[in-house]
Amino acid sequence: MKLTSLILATALALASFAAAAQGTAVVVDNAWARATVKGQMATGAFMTLTAKEGVKLVGGASPVAGVTQVHEMKMDDGIMKMAEVKGGLDLPAGKAGALKPGGYHIMLMDLKQPLMKDSSVPLTLIFKDAKGVESKLELKLPVAATAPGVMAAPAAMDHSMHNMPGNQPAAKQ
Ligand SMILES: [Cu+2]
């Protein structure tokens with residue numbers, strides 16, 4: 001019995017190591033963060049995520065932001081609202097999931113510095129697999145005014161609402 005449990009423990013340890021080593025099991029395409037103007041406290045980061053195995057995007061971190069959250073923007077009673085995606089954003093295996101203006105996005109809040117166009121910003125994405133094992137993916141996002149390669153992106157879905165006083169979610173640290 002003792003031997004069996006030892007083997008099992010080893011197998012589990014190997015499994016979690018494999019998961020941790022799979023930090024790049026999610027392919028990121030077309031990532032970018034929206035440039036900000038002086039005084040702007042929040043902005044969005046966008047990308048297409050394709051997971052090799054089903055995972056959830058549960059959060060993020062960036063040295064330029066006090067708070068980094070996975071957000072969803074949607075119409076609620078005729079008003080465009082955004083909120084944190086509770087429990088994480090599902091990324092089914094092999095299916096490209098788009099984080100884009102007007103929909104899901106990574107929200108960088110409590111910005112410590114302006115995001116200058118043509119600079120880059122570090123962003124860590126945090127994923128959780130079906131077993132609850134976390135993995136991280138370190139990215140460096142180009143900062144742009146509009147989605148790279150897209151002409152005349154719709155201007156309506158920006159994050160200006162985050163600049164309104166009283167609309168800053170409390171920092172969760
Ligand atoms: Cu947002």
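Here are a few friendly notes on the fold, the core and one hairpin of this predicted model.

1. Start with the overall layout. The protein chain has one helix and ten strands. Reading from the N terminus, the helix comes at the start and the strands follow, in the order α-β-β-β-β-β-β-β-β-β-β.

2. Next, think about how the chain folds back on itself. Among contacts in the protein chain with a separation of 6 or more, 71% join residues 24 or more positions apart. Of the 173 residues in the protein chain, 27% are buried.

3. Now look inside. In soluble globular proteins, nonpolar side chains tend to be buried together. Here the largest nonpolar core has 30 residues, and Ala33, Ala45, Leu57, Ile106, Leu108, Val121 and Leu141 are those with the most contacts inside it. Several strands each supply at least two residues of this core, including β1 (26-34), β3 (55-61), β8 (105-111) and β10 (134-144).

4. Leu57 is a good residue to click on. Which residues is Leu57 in contact with, leaving aside its neighbours within four places in sequence? They are Leu49, Val70, Gly88, Leu89, Leu91, Leu125 and Phe127.

5. Finally, follow the chain through β4 (65-76) and on into β5 (residues 79-84). These two strands, β4 and β5, pair in the antiparallel sense over six bridges, and Lys74 stands opposite Lys81 in β5. Together β4 and β5 form a hairpin with two residues between them. One turn residue to find is Asp77, which has a positive phi of about 60 degrees.

Conventions
Residues numbered from 1 in each chain as written. Predicted model: local features only at pLDDT ≥ 70, side-chain atom pairs only at ≥ 80, totals over all residues. Core = buried A, V, L, I, M, F, W, Y, C linked by C-beta atoms within 7 Å. Buried ≥ 20, exposed ≤ 12 C-beta atoms within 10 Å, placed from the backbone. Helix = DSSP H or I, 4+ residues; strand = E, 2+ residues; numbered from the N terminus. Contact = placed C-beta atoms within 7 Å. Pairing = 2+ DSSP bridges.
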